[in-house]
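Trainee: I would like to go through the labels on this model and check each one against its criterion. Can we start?

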Amino acid sequence: MKQHTTATGCKLKPNVRAMRSMLSTEELRRRPSRPADYAAENQALIALVQELASSPEGILQKLADTALGLCRAHSAGLSLLEEGDGKSNFHWRAIAGQWAPHLNGGTPRNFGPCGTVLDQGVAMICSHPEVDFPYWEPVKPVLEEALLIPFYIKAEAVGTIWVVAHDVSRRFDAEDLRVMTSLGVFAATAYQTWLNLKAVQRVASIVESSHDAIVSKDLDGTIRSWNGGAQRMFGYLAEEVVGKPITILIPPDRHNEETAILDRLRRGESIGPYETVRRRKDGSPVDISLTVSPLEDTEGRVIGASKIAQNITGRINAERALRESQSRLQAAVELVRLGCYAWNSQSNKLQWDDTVRAMWGLPAGAVVDYEVWRSCVHPDDLARAEAAIQRSTDPRSDGVYNIEYRVIGKTDGVERWIATRGQTNFENDVPASFFGVALEITDRKRIERRLERRVEERTRELQESNQQLHVQMEQREIAEAESQQLQRLDAIGQITSGVAHDFNNVLSVVLTNARMLSRNLRDDPGDQEGIELILGAAERGANLTSQLLAFSRQQRLEPQVVDLNSTIVNMGGLLNASLRGAIQLRTNLAADLCPALVDLTQVQSVILNLVINARDAMRSGGTLTLETFNAITDKELSGPAAPAPGRYVGLTIRDTGMGIPDDVLPRVFEPFFTTKGPGKGSGLGLAQVFGFAKQSGGGIALKTHVGEGTSVTVFLPCAEVVPRVRERESGAEQISTVELKPCILVVDDDRAVLRSTVRVLEALGYAAVPAASGQEALELIANGLKMELVLADFAMPEMTGAELAKAICATAPNLPVILVTGYGDRETLEQFREAQVLQKPYDENGLMKAILTALT
């Protein structure tokens with residue numbers, strides 16, 4: 001019989017016609033070959049083995065990715081013959097690279113490059129297959145050159161693994177043939193494992209379905225049929241339940257479920273699947289997934305129902321068993337002569353197979369433990385190896401152990417290089433188990449040392465490495481820029497809290513000492529006026545700090561008795577500064593106005609928000625009126641913003657602007673809704689006013705007329721209080737009436753704040769003992785200092801006020817602690833919602849109130 005040859009002259013088997021697109025691999029041996037990269041190859045094989053052991057369902061794609069990377073191809077994949085179509089076509093079940101969109105495509109078995117390779121039983125090169133196989137013409141990108149390797153299972157050809165170059169920039173060589181031949185051997189094992197996995201999944205599905213309970217019933221709920229799965233699930237024999245009501249399986253508190261099911265069945269509806277609980281013969285409950293379908297006669301009338309119940313517990317157990325069986329796959333491990341070991345980090349017990357024992361120069365079956373491992377590791381590598389173990393057993397890490405080091409054989413004294421990779425499994429952040437693989441890489445290391453002496457011959461390879469390094473450097477620069485941005489954002493938050501704390505510390509010293517000077521120098525009007533000016537400026541600074549923090553929503557809501565008229569008068573300068581020159585500001589303040597029970601800072605923010613909204617509505621100028629009044633609502637008002645019946649303090653802000661159109665009015669309180677142009681408004685102003693009013697126990701009313709103006713009325717809760725006398729005189733009387741006061745331990749790292757606090761406490765009649773740190777305070781307590789109260793700054797170095805309070809609670813649980821803070825961080829204050837917290841800066845009355853509250 002006449003034989004044909006390929007374009008290179010290689011003889012083909014009989015009955016195979018000569019093809020111009022198919023070449024022998026002898027062509028590769030005539031090309032220049034790149035040097036072998038055994039390190040990358042061994043690392044890739046280890047990764048494949050680990051993928052096969054942990055996630056075998058993805059091993060085919062992992063194999064394609066590996067071929068693509070090792071051969072530097074443009075595309076790579078596997079073509080498989082499958083039983084479903086009688087093995088008449090190759091199916092592309094895994095593709096990497098530019099041909100990835102062709103995943104799950106394929107080619108005919110008997111007419112194409114893959115079929116030719118299987119017929120020949122050897123690796124081949126393919127170039128422009130459309131020359132011999134016209135159906136390749138539309139495939140894009142074009143196949144410039146491909147290297148195809150056949151692989152077999154039990155001597156039967158089952159597919160090919162291939163790499164493709166789509167242009168002349170990449171041509172394969174003998175090194176690619178060697179790598180692909182190695183991957184072809186692995187491909188057979190991987191495909192067999194993949195097939196086994198699918199078979200296991202099919203068997204698991206069959207086993208799972210065989211446990212389902214299938215029951216039929218009449219429309220009155222009488223059981224008519226009962227299968228073996230139902231018998232196993234519920235414990236009843238068929239003769240025990242057929243003819244009985246289905247409710248014998250339903251717990252009494254779920255009988256209403258059956259009534260609803262029967263009603264829906266009569267309407268021809270299907271139910272489920274849904275999860276519920278049923279009752280076994282022994283009375284124990286069983287969780288099931290239930291599906292109920294109507295049964296119809298030949299005329300389409302519903303005559304009953306079929307019910308399928310699946311035991312959910314069995315399904316979960318089957319899935320767990322499947323995962324465990326996958327983790328024990330060992331065939332691929334043996335293929336590449338990997339050693340396997342396991343380590344219990346709690347007991348230090350090691351389990352080695354004989355392959356690992358041989359690497360350590362130990363006989364088969366030798367007893368091993370951690371000290372045996374440690375004694376054989378090269379002294380120069382021991383610290384590095386143990387550090388890698390520590391990292392992999394840290395629950396904050398990914399648990400991966402990946403390192404190369406030297407060992408010296410226990411009995412033969414031979415030095416060997418070992419590459420090992422493992423994974424720690426954690427339970428409740430505690431290392432529970434460790435599994436790893438080891439590979440001897442001594443030959444690879446020798447080759448690497450020889451290659452280091454041949455750097456000049458690897459110029460082209462270094463250029464490619466430099467290009468990769470350039471890409472990595474660009475990626476690193478991008479990552480560093482992103483990290484710096486995150487650090488800047490974090491720094492802004494820290495600076496805000498720190499500035500608030502430090503500024504409030506300064507204000508505390510100024511206010512405390514100024515108030516004391518004010519009391520001591522009352523006889524000198526000139527000095528008194530200067531001190532009053534200092535007090536006013538410092539208090540305005542404190543209010544400014546509070547306002548800024550409130551605008552950035554960094555304070556928790558702290559209701560207090562507020563004179564709304566005084567608040568508006570004090571904000572006059574700020575409000576006039578916020579308006580344009582053509583807008584006239586008027587006030588109409590009720591003389592008998594009740595005090596309001598609200599957060600003062602938030603009220604100021606509400607007033608400013610509404611004034612700015614009114615200003616923006618009067619583009620050509622106009623009149624803005626602020627009015628206060630007492631209000632009583634004795635019936636439910638309509639709308640979500642309306643207040644409930646009760647007594648309120650009213651605040652109306654009225655403008656003569658453009659008004660609000662009817663189509664916009666329903667949405668004015670929605671967050672982020674705004675009619676202003678981009679960058680001119682956040683849409684949060686009225687939403688914040690609405691939220692504050694409702695949270696405070698009040699509400700909002702809004703009236704508007706297009707072309708005439710808008711009025712917004714905020715209803716705030718009325719505070720029932722006794723009329724106040726002049727505040728400074730009242731404070732003086734409080735101080736003068738103090739008789740015998742307790743001893744107070746004052747703790748603050750700021751010397752000025754500490755001394756000022758001691759002075760004001762002594763002026764109030766208390767015995768005050770200073771301590772510059774939490775440790776000094778604890779030493780004073782331990783030495784027997786008798787005190788009734790501790791006044792501690794929250795933010796101190798080394799030991800914070802909160803840590804000091806915890807330490808005091810442990811040794812003196814009945815000793816009260818007041819935490820003093822200048823921070824505006826709402827989350828920090830929320831941590832001490834139940835504790836006594838005093839906000840800086842404070843006056844004497846605030847300090848006295850906090851002390852009396854803590855002591856009672």
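Mentor: Start with the elements: helices (H or I, at least four residues) and strands (E, at least two) are DSSP runs, numbered from the N terminus. On that count the protein has 26 helices and 29 strands. The model is predicted, with local features requiring pLDDT of at least 70 and side-chain atom pairs pLDDT 80 or more, while totals for chains, interfaces and linings use all residues. Residues are numbered from 1 along each chain as its sequence is written, and side-chain values use heavy atoms, without hydrogens or water.

Trainee: Where does Pro 141 lie, and what makes its peptide bond from Lys 140 stand out?

Mentor: Pro 141 is in the loop between strand E5 (124-126) and strand E6 (145-153). The bond from Lys 140 to Pro 141 is cis, with omega near -10°. Another cis bond joins Gly 272 and Pro 273, with omega about 5°; Pro 273 belongs to strand E10.

Trainee: How do you know that E10 and strand E11 pair?

Mentor: Two strands pair if DSSP finds at least two bridges between them. E10 (residues 271-279) and E11 (residues 285-296) have seven, in the antiparallel sense, so the criterion is met. Tyr 274 stands opposite Leu 290 in E11. The two strands form a hairpin with five residues between them, and Gly 283 in the turn has a positive phi of about 90°.

Trainee: How many bridges join E11 and strand E12?

Mentor: Nine, again antiparallel, with E12 covering residues 302-311. Ile 288 faces Asn 311 in E12. This hairpin also has five residues between its strands, and Gly 300 takes a positive phi near 85°.

Trainee: What order do the strands take in the open sheet that holds E10, E11 and E12?

Mentor: E9-E8-E12-E11-E10, with antiparallel pairing. Strand E9 (223-226) and E10 are the edges: each has a single partner strand, so one side of each lacks a neighbour in the sheet. The twist averages 30° from one strand to the next; such angles run from 0 to 180 degrees between N-to-C directions, with axes fitted to C-alpha atoms, for helices over the stretch in contact. Strand E8 (residues 213-218) pairs with E12 over six bridges, and Val 215 stands opposite Lys 307 there. Helix H8 (residues 255-266) lies across E8, E10, E11 and E12, at about 150° to E10.

Trainee: What makes strand E19 and strand E23 edge strands?

Mentor: Each pairs on one side only; E19 is 583-588 and E23 is 699-705. Their open sheet has five strands in the order E19-E21-E22-E24-E23, with mixed pairing. E19 runs parallel to strand E21 (residues 622-633), joined by six bridges. Helix H19 (residues 600-617) packs on the sheet, touching E19, E21, strand E22 (646-655) and strand E24 (709-717), and its direction makes about 30° with that of E22. Contact here means heavy atoms within 4.5 Å.

Trainee: Why does Asn 428 count as exposed?

Mentor: Exposed means over 50% relative accessible area, buried under 20%, and partly exposed in between (1.4 Å probe, protein chains only). Asn 428 is at 77%, so it counts as exposed. Asp 429 is at 58% and therefore also counts as exposed. Asn 428 is in the loop between E16 and E17, as is Asp 429. Both have a positive phi without being glycine: near 55° for Asn 428 and near 60° for Asp 429.

Trainee: Which residues of helix H14 are buried?

Mentor: Thr 442, Arg 444, Lys 445 and Leu 451, in a helix of residues 442-452. Their cover includes helix H2 (38-54), E15, E16 and E17. Over the whole protein, 44% of the 856 residues count as buried.

Trainee: What makes a space a cavity, and how many does the search find?

Mentor: On a 1 Å grid over the protein atoms alone, a cavity is a set of points where a 1.4 Å probe fits but cannot get out, and lining residues have an atom within 4 Å of a point. Seven cavities of 30 Å³ or more are found. The largest holds about 190 Å³, a volume being the space filled by probe spheres set on the points, which are joined across faces, edges and corners. Of its 16 lining residues, the closest to the centre are Tyr 341, Leu 350, Trp 373, Ile 389 and Tyr 401.

How values were computed:
1 Å grid on protein atoms, 1.4 Å probe; cavity = no way out; pocket = protein on both sides within 12 Å on 5 of 7 lines; lining within 4 Å.
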